[in-house]
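Q: Please take a close look at one part of this model, the open sheet of chain A. How are its strands ordered, and what packs on it?

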Protein chains: 2
Amino acid sequence: MAVTSQQIADAAGVSRGTVDRALNNRGRINPEVAERVRRIAKEMGYQPNRAGRALVMSRRAIKIGVIIQPKTPFMGKVMEGAIEAKKEVEQMGAEVLIREIESMDVDQTINTMQELKEAGCNGIAVVPAEDERVRNTIDAFAAEHIPVVTINCDIQGSKRICFIGPDALQGGRVAAGLMAEILPKDSRVLMISGYPTNNSNKNRISGFSEELVSCREDIKLLDVQYAFEDDRMSEMITKGMLKEYDDIGGIYLSASGVQGVCKALEELGMTGRVKVISNDLTDQNKQFLREGKVQFLLGQEGHRQGYEPVQILFNKLFYGNEREAEFTYTEISIKTKYNLV
Amino acid sequence: MAVTSQQIADAAGVSRGTVDRALNNRGRINPEVAERVRRIAKEMGYQPNRAGRALVMSRRAIKIGVIIQPKTPFMGKVMEGAIEAKKEVEQMGAEVLIREIESMDVDQTINTMQELKEAGCNGIAVVPAEDERVRNTIDAFAAEHIPVVTINCDIQGSKRICFIGPDALQGGRVAAGLMAEILPKDSRVLMISGYPTNNSNKNRISGFSEELVSCREDIKLLDVQYAFEDDRMSEMITKGMLKEYDDIGGIYLSASGVQGVCKALEELGMTGRVKVISNDLTDQNKQFLREGKVQFLLGQEGHRQGYEPVQILFNKLFYGNEREAEFTYTEISIKTKYNLV
DNA sequence: TTGAAAGCGCTAACAA
DNA sequence: TTGTTAGCGCTTTCAA
């Protein structure tokens, strides 16, 4: 049995209240007594019992709001993580409100944040739309001591306490490293992005192209194409480019559109010959990976992106734990058909 | 604030004791009352408060023993995980004893298990030596209701409650998949194992060779070589084989010895030309990966292999949670120099 | 500046 | 079969 605050109190010849004041620097205590108590606690290896502390802390009404963007398979993973964390912290007496917004809309994001605040949330985790007004809202919340955690894509320079999500630039580099390893000499490479305005996509493409050019001088990189997350579009692009250039050896997708690419490759009888590397471990993508139509998929721990922010906010609000890291980059996992879970 | 057992009691017009008996099937209760209480609890969405439960459960004296094999960088990770879990469960009033045994010896393993039992441990997590006597000891502990969890390598057919570790066969297949993707046509491949008797190594080599042969018919596989986890040995093997065969395009290491391989390649001026895939994310291996001397490293979540078993045993002993899964295979992560954490 | 005591939600021992 | 009550370790309020 671990040592309790009562044992410290007995050893120091004081009461539990005094021990509490000493160890938690609550003031209203004789400095010498405080010092002695702290010394004894250290000597006896005292560690406060989590359960006891949690029980009394559960009197604080903690309500955490989570805002997740429109339904995509990836956001589904984020949702699962958030729900798991919700279950856990609710067993500690807290409350979690999860809102899924319908469109990737700035107004919706801001309105939902306001709604959650009015519902009494004292902490918010949000997958933000990239916009100046969202930044302002985050800063306004911070001013009211409502901590905000950004998920998946950061609002740089805002007063959010931290960001949990992938390092998109590095994600592009990982893809480039793989492409460099598997491509035959003098191949041409096609890059397909989503929306030109999307920052994650922009960063992935930058990381990919810079790294590929730097480590494989023989490779010729085509100008980036935009498929707007649409499979028919990515199919058209793939077909068009493959007809124009017969030496394309690899395709990198920084966003959705794998299905279109695979369809195009199949129809042209080039499956497997043209290497495909893409992001996101969606069920559909995994299926293409298993079938050998895609060589590598890069994952970004969606589950953790939902789970962690809720836990971070809970620990801050419940225990007062401050977050040491401003950025938590989720791991970029490399998946082949063999290590798919 | 979440709903409490008192609220259920009030709603059902009974006492907290009765609610407790009903929800935890403790018997000594009128079945109809029990049914009604359960219904009301469900309706009100009752979830027992973890902190409250933990506090009262902390009266149970829980002592968990962990046995970790001799110091290797990988076992260091396992140790870190075990220490993290130790800290967490000790904050819940439990106690954790960690023993690092000096050699991978059967007698040492068994003796340490006995020692931990005599020290009052009511649950054991162990990285077992593969031997019949270890199996018998595990079964004896099970008979005395001391649950045992095997870590990293399983004792199949023993009465351990579960196994946490890698799927070695699949690990070999992952390596094969990568090798198949990066090797030029008609290459020869060298496989270097550790000890011929080690099961993990045996399985990795099987998985690797079977998969590589099945997906790349052009590749010629050399007979497996044993380096006994020794760098000078792996260096000698590499040099010898490279001199004998000039078409070796890839080397797969199922155990330690990367340094020797890299040294041999450098001296022969073949770094980068001969692709190297190995296991274990040791600091040294990571350095070789960063320098481009190794193309891929496969990791097996050592931290989790130390952390999880302690938590599993704690949850079983503390809350009575039964483990649903007999096998928990840790993820086989693929690391290049770009996604190294 | 300190001590005493209440109470968080739960389980378990005891009484009825 | 049920209710009552003590107490787990901690924080916090109230009194001294």
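**The open sheet of chain A**

A: In this predicted model, strand S3 (residues 123-126) of chain A runs parallel to strand S4 (residues 148-151) of chain A, and three bridges join the two. Within this pair, Ala125(A) stands opposite Val149(A) of S4(A).

The pair belongs to an open sheet of six strands in chain A, whose order is S2-S1-S3-S4-S5-S12, with parallel pairing. The edges are held by strand S2 (95-100) and strand S12 (327-329) of chain A; each has a single partner strand, so one side of each is left without a neighbour in the sheet. From one strand to the next, the twist averages 15°.

Helix H13 (residues 302-319) of chain A packs on this sheet. The helix touches strand S1 (63-68), S2, S3, S4, strand S5 (162-165) and S12 of chain A. Relative to S3(A), the direction of H13(A) makes an angle of about 165°.

Beyond the sheet, the surroundings of DNA strand C involve both protein chains: among the 26 residues around this strand, Gly17(A), Asn30(A), Ser5(B), Asn49(B) and Gly52(B) come nearest. At least two residues of the surface near DNA strand C are supplied by each of helix H2 (16-23) and helix H4 (50-57) of chain A, and likewise by each of helix H2 (16-23) and helix H4 (50-57) of chain B. H4(B) gives the largest share of that surface, four residues. By residue class, the surface near DNA strand C comprises nine nonpolar, 11 polar and six charged residues.

Technical notes. Residues numbered from 1 in each chain as written. Chains lettered and ligands numbered in written order. Predicted model: local features only at pLDDT ≥ 70, side-chain atom pairs only at ≥ 80, totals over all residues. Pairing = 2+ DSSP bridges. Axes fitted to C-alpha atoms, helices over the stretch in contact; angles between N-to-C directions. Contact = placed C-beta atoms within 7 Å. Near = placed C-beta within 6 Å. Nonpolar A, V, L, I, M, F, W, Y, C, P; charged D, E, K, R; others polar.
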